[in-house]
Amino acid sequence: MGSQFYWFLDVIAAAVILIAVFVAAKKGFSKTVVMLVGCIVSVILAMSLCNSLTEFVYKSSIKNSNVQKIEKQLSETDMVQKTKKYIESLGYSVRINDERLTSILSEDGDTLDAVLHYLNNINGVVVDTPENFKEKMASGYADMMKSMLTEAVSPYAGEIASEKISSDIDGFMEIIRAIASHNPDDSYKAPAEMIESACTEEASKTTVKTVCFSIIAVLVILVAAATEHRLNSGTGLTPLGSIAERGIGAIFGFIEGIIILIIISVIIRMLIIFGNSGMILFNTETIDKTFLFRHIYNFAEML
């Protein structure tokens, strides 16, 4: 959506750098050093503080909230029945016994091989290869959990969970075993905690981290800008003949522009997370097409 406007992000990136270089060159390096230091400190401080803040916020409130929401969804969702309906929709021409499927899903071992063995024996026909069956089940469970976690936690959590399940279906089957062997008289807290740890913890921490980083970095830069303005007010412009002063100032401005773009990239990543890549301009498809901005955005993702 809106990926045809990818060039606009490159224009913004180039404009930010050029403006920063021009302004810094005009002032000279002696009058821009405060802002440069502020930009550098903003990233360092944000990186240092947001990790500990993220852990605190996640463990103190978000984790338990997610577990409760997932537990509620599990209590309202019959995963065995959803598994049965999905398998029967694959065109294998089989009718699955509920109790038998529940028993297989509850057993230790290679669960998907056991399910496929059962399907092959229903009509005495090999319905699929183990590789194809595992791929189809990975796709099915990825969609099921994406739908459930999108409703319970967030669209971003659903997306991340889908990717994790698609890449590690064997690991996810441990969660299915916990759900299938669950005692109806007990709560779903244990499997909910497994889902939170395996599927939504990363998404939750990433969301909190981007918010913390954005707030801290922006606040530090605003303080640096205000300080620089106060120190330089009334001092006049750097003499035009001072080529070295302006040249070094331009270099400082370039560095400032790159750092500001990194912070902008983190803010855009935050918008993408909350908007689930559904925004017209700020979405991963658009960013991937850019020439300049995507490199800065990819770097910001690693912070």
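Here is a short chat about a predicted model.

Biologist: Which residues make the nonpolar surface patch?
Modeller: Val33, Val37, Val41, Leu45, Leu49 and Leu53 make it, and the patch covers about 420 Å². Keep in mind that this is a predicted model.

Biologist: Where does Leu53 sit?
Modeller: Leu53 is in helix H2, which runs over residues 33-76.

Biologist: And how does Leu53 count for accessibility?
Modeller: Partly exposed, because its relative accessibility is 37% and that class lies between the 20% and 50% cut-offs.

Biologist: Switching to cysteines, how many disulfides does the structure hold?
Modeller: Zero. Take Cys50: it is in no disulfide, and the nearest cysteine sulfur belongs to Cys212, 6.6 Å away. A disulfide needs the two sulfur atoms within 2.5 Å, so Cys50 and Cys212 don't count as one.

Biologist: What about Cys212, what's its nearest cysteine sulfur?
Modeller: That of Cys50, at 6.6 Å, and Cys212 is in no disulfide either.

Biologist: Is Cys50 buried or exposed?
Modeller: Buried, because its relative accessibility is 1%. Cys212 is buried too, with a relative accessible area of 13%; the cut-off for buried is under 20%.

Biologist: New topic: which helix is Thr207 in?
Modeller: Thr207 is in helix H9, residues 189-232.

Biologist: What is Thr207 in contact with, leaving aside its neighbours within four places in sequence?
Modeller: With those left aside, Thr207 is in contact with Tyr156, Ile273 and Phe274.

Biologist: So why does Thr207 count as buried?
Modeller: Because its relative accessibility is 16%, and anything under 20% counts as buried.

Definitions and conventions:
Residues are numbered from 1 along each chain as its sequence is written. This is a predicted model: local features need pLDDT of at least 70, side-chain atom pairs count only at pLDDT 80 or more; totals for chains, interfaces and linings use all residues. Side-chain values use heavy atoms; hydrogens and water are left out. Patches are made of residues with over 30% relative accessible area and no salt bridge: like charges are joined within 9 Å, nonpolar side chains (Val, Leu, Ile, Met, Phe, Trp, Tyr) within 5 Å. Accessible areas come from the Shrake-Rupley method with a 1.4 Å probe; for residues, only the protein chains shown count as cover. A salt bridge is a side-chain nitrogen of Lys or Arg within 4 Å of a carboxyl oxygen of Asp or Glu. Helices (H or I, at least four residues) and strands (E, at least two) are DSSP runs, numbered from the N terminus. Buried means under 20% relative accessible area, exposed over 50%, partly exposed in between (1.4 Å probe, protein chains only). Contact means heavy atoms within 4.5 Å.
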